[in-house]
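Please look over the sequence and the structure before reading on, and keep both in view as the text leads you from one part to another.

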Amino acid sequence: MLLDTKPVSYMIGNGALDMSEKGLLKYPRIIMLVDENVEKHCLPVFRAHLPDVKIDHVITIKSGERGKNLEQSIHIWDELTRLQVDRDALFLNLGGGVVTDIGGFTASTYKRGIPFINFPTTLLGMADAAIGGKTGIDYGAYKNQVGLFVDPVSVIIDPIFLNTLEDHQWQSGFAEVMKYGLIMDRDLWSILSGQDYHQLEDWDKIITKAARDKIDIVHHDALEKGMRKNLNFGHTIGHAIESYYLMHDKPITHGQAIAAGMICETWISSKIFDIECTQTDEIVEMIDLNFEKFDISEATIPELLDLMRQDKKVREGQLKFSLIRKIGKATHDIEVNMDMVVDSIKYYINRNSVH
Ligand SMILES: NC(=O)c1ccc[n+]([C@@H]2O[C@H](COP(=O)([O-])OP(=O)(O)OC[C@H]3O[C@@H](n4cnc5c(N)ncnc54)[C@H](O)[C@@H]3O)[C@@H](O)[C@H]2O)c1
């Protein structure tokens, strides 16, 4: 089984960066991975807070999804080889989901694996991508096509890095934060509900709750055989919307797509599980408050369905959804027929949003 079962240590919240010093000083050699933006915005913060931690070498990759491919992996392996990095070295991923995904993958495959630590610098990374041991790269036209489950030694989550994050990246991560509220954390949902994310203040608490929710899920189901699938709420239709815009040269953020997917999948949930109308209204209003509605037409639905059929969640031609039974409770592997999927997208297209 390609899974490192050693326990992962987590430090989460304000001050976590400073507290990570002791653990880092144990390593004889540290190689850091960043992308171009993180090098500019986050590396100076890291160095200012941890002046005694000696970084032997910084490897920089392209920013965004174009940094998560085989070409960039080869660049990283070449650098590690040139620097004669050995297995007692630490690979330190400082960045968003792209850096932690490719960094975990290249570290785990170089010389059959060197230890790595994730320091996420985006909201999405802190609440989701840096936690749970999924590492990998995109290959050909497919996202996350090559990779493996390997846990980092530690994950250090300090909101200090978010000061320089662009607004649309905050928004993108916020979709995943909302998702935890909907699938498992009524308490988190009550902090968020009715709020525009720009107005929220206690991000330390929000990020800590979201990260703990993800840790809890992966602790119980590391290999996504059961409850980890609940994390896919909003993602079956959301991924199709994300791929559709990518293929039509109008890329949108992951969070924008998932927010739209969560509206459709809330509608499906309400038809299957008889959720109270007040709850579905509350969810849809909350998503509308934080995400603009996409201007998609009914003519795009066949293409969206084709994209869904290629999804990893399709088994024997049947779409399986992760849905909610009510706010704070999700379930998975629910077969949904295509007519209902079509109707949910029509509902998204034809309803009036606040925007
Ligand atoms: N492994 C998992 O479980 C998992 C889960 C969810 C998503 N992902 C992956 O994560 C990736 C998306 O992650 P992301 O949204 O963090 O994207 P990202 O890593 O591309 O970061 C988004 C942008 O923000 C910049 N950036 C990062 N930190 C910054 C900071 N503090 N200040 C200013 N700019 C900063 C980056 O350079 C990039 O341009 C996708 O590839 C997705 O597949 C993985």
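**Two helices, one core, two domains**

In this predicted model, helices α11 and α12 are oblique to each other, because angles that are neither roughly parallel, roughly antiparallel nor roughly perpendicular count as oblique. The axes of α11, residues 235-247, and α12 cross at roughly 135° and come within 7 Å, and the crossing of the two helices is right-handed. On the α11 side the contact is made by H235, T236, I237, G238, H239, I241 and E242, while α12 contributes H254, A257, I258, A260, G261, C264 and E265.

The next step is the nonpolar interior. The largest nonpolar core has 90 residues, and L33, F91 and L94 are those with the most contacts inside it. Helix α12, which spans residues 254-273, gives the most to this core, with 9 residues, and the core draws at least three residues from each of domain 1 and domain 2. If residues up to four places away in sequence are left out, L33 touches I59, I61, I76, F91, N93, L94, G95, V99 and G103.

How is the protein chain divided? Domain 1 covers 9-164 and domain 2 covers 167-350, and the C-alpha centres of these two domains lie 27 Å apart. The contact between them takes 16 residues from domain 1 and 18 residues from domain 2. On the side of domain 1 that touches domain 2, β1 (9-12) and α7 (123-129) each supply at least two residues, and the largest share of that side, 5 residues, comes from α7.

Key:
Residues numbered from 1 in each chain as written. Predicted model: local features only at pLDDT ≥ 70, side-chain atom pairs only at ≥ 80, totals over all residues. Core = buried A, V, L, I, M, F, W, Y, C linked by C-beta atoms within 7 Å. Buried ≥ 20, exposed ≤ 12 C-beta atoms within 10 Å, placed from the backbone. Helix = DSSP H or I, 4+ residues; strand = E, 2+ residues; numbered from the N terminus. Domains from an automatic or database assignment. Contact = placed C-beta atoms within 7 Å. Axes fitted to C-alpha atoms, helices over the stretch in contact; angles between N-to-C directions. Parallel < 35°, antiparallel > 145°, perpendicular 65-115°, else oblique. Left-handed = near helix turned anticlockwise from the far one by under 90°.
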